[in-house]
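Subject: Structure for your review

Dear colleague,

Please find the structure below, together with its sequence. My findings follow it, arranged by topic.

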Amino acid sequence: MKKLLLTFAFCLTAGVLCAQSAARQFVWEQANLQMARAQKPEDFRAAAQTYLRLVNEEGVCDVPLFLNLGSALVLAGDARHAERIFLRAERYAGTTPEVSTGLAAVRTLRNQPMSAMDWRRALFFWHFHWGAPIRTQVALAAWVVFWVVLAAGRFFNAAWYRKPMQGIAILAAVCCFAVTVSVGVTCLQEFNEQPMVLAEDTP
């Protein structure tokens with residue numbers, strides 16, 4: 001339960017916990033140096049292992065960290081873990097150009113030009129295109145609009161006001177429900193996220 005509450009707290013805030021301590025900063029810089037010097041897949045895998053220490057051991061949920069880790073995994077030829085990391089980045093930041101590029105690289109690595117998730121991304125655009133912090137803010141804004149419109153309706157009884165305001169209230173309620181469910185799904189995904197272990201030979 002405590003872990004679930006902490007996960008929800010991530011969604012309410014920016015969802016980005018930068019490496020503040022000296023130890024975290026050292027590991028971050030070490031991984032970046034390994035990434036810059038890497039030339040072979042095994043070198044990129046070593047850099048990914050170092051990045052992964054921040055995720056598994058320190059619990060850092062930082063979008064730049066996810067992007068660097070995902071890039072290292074792609075260059076190491078590990079499409080499965082790279083996709084998992086880029087999808088985590090998408091939960092926090094939404095479908096940014098960097099995330100889209102990373103997922104496209106994963107599909108290229110797998111020789112899959114079209115993603116099986118494309119229709120879901122179009123249908124539930126708010127879940128994929130907006131990061132969890134933005135979705136949380138949208139849900140709260142829709143909730144406020146809903147109650148403001150209902151409260152205002154008690155003071156303005158004219159028909160010209162009631163009909164459009166009822167439509168706005170319904171739209172706000174639907175928006176609040178849909179986006180709140182989306183945030184809840186993201187929280188559950190993060191709550192159930194297991195530590196990543198990179199095997200020596202990962203397809």
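In what follows, two residues are said to touch, or to be in contact, when heavy atoms of theirs lie within 4.5 Å. Please bear in mind throughout that this is a predicted model.

With that meaning of contact, I begin with E83, which belongs to helix α5 (residues 79-93). Residues up to four places away in sequence aside, E83 touches L103, V106 and R110. With R110 there is also a polar contact, made side chain to side chain at 2.8 Å. The C-alpha atoms of E83 and A105 are 9.2 Å apart, although 22 residues separate the two in sequence. Is E83 buried, partly exposed or exposed? Its relative accessible area is 28%, so E83 is classed as partly exposed.

Overall composition

The protein contains 10 helices and 0 strands. Read from the N terminus, its elements therefore follow the order α-α-α-α-α-α-α-α-α-α. Of its 203 residues, 37% are buried. Its accessible surface amounts to about 11,900 Å², and carbon and sulfur atoms account for 67% of that. Considering contacts between residues at least 6 apart in sequence, 67% join residues at least 24 apart.

Helix α2

Helix α2 covers residues 22-37, 16 residues in total. At 1.5 Å a residue these should span 22 Å, and the end C-alpha atoms are indeed 22 Å apart, so the expected and modelled values agree. Which residues of α2 are buried? They are V27, A31 and M35. Viewed down the helix axis, the buried residues of α2 lie within an arc of 75°, and therefore line one face of the helix. The spacing fits a general rule: an α-helix has 3.6 residues a turn, so residues three or four places apart point the same way. On the other side of α2, the exposed residues are A22, F26, A36 and R37. The buried residues of α2 pack against α3 (41-56) and α4 (63-75).

The nonpolar cores

The largest nonpolar core has 33 residues, and those touching the most other members are F66, L69, L73 and F86. Two or more residues come from each of α2, α3, α4, α5 and α6. Helix α4 provides the largest share of this core, with 8 residues. As for F66, its contacts beyond four places in sequence are V55, V60, C61, I85, R88, A89 and Y92. There is also a second, separate core of 5 residues, among them W126, A139, V179 and C187.

V99 in helix α6

V99 lies in helix α6 (residues 97-109). Its relative accessibility is 0%, which is why V99 counts as buried. Which residues does V99 contact, neighbours within four places in sequence left aside? They are L67, F86, A89, E90 and G94. V99 and L87, 12 residues apart in sequence, have their C-alpha atoms 7.9 Å apart in space.

To find your way around the model, you may wish to begin with the E83 and R110 side chains and their 2.8 Å polar contact. From there you could turn to V99 in helix α6, and then to the buried residues V27, A31 and M35 of α2.

With kind regards

Terms used. Residues are numbered from 1 along each chain as its sequence is written. This is a predicted model: local features need pLDDT of at least 70, side-chain atom pairs count only at pLDDT 80 or more; totals for chains, interfaces and linings use all residues. Side-chain values use heavy atoms; hydrogens and water are left out. Helices (H or I, at least four residues) and strands (E, at least two) are DSSP runs, numbered from the N terminus. Buried means under 20% relative accessible area, exposed over 50%, partly exposed in between (1.4 Å probe, protein chains only). Accessible areas come from the Shrake-Rupley method with a 1.4 Å probe; for residues, only the protein chains shown count as cover. The expected span of a helix is 1.5 Å times one less than its number of residues. The arc is that of the directions from the helix axis to the C-beta atoms. A polar contact is a pair of N or O atoms within 3.5 Å; within protein, one must be able to donate a hydrogen and the other to accept it, and residues adjacent in sequence count only if both atoms are side-chain atoms. A nonpolar core is a set of buried Ala, Val, Leu, Ile, Met, Phe, Trp, Tyr and Cys residues joined through side-chain atoms within 4.5 Å.
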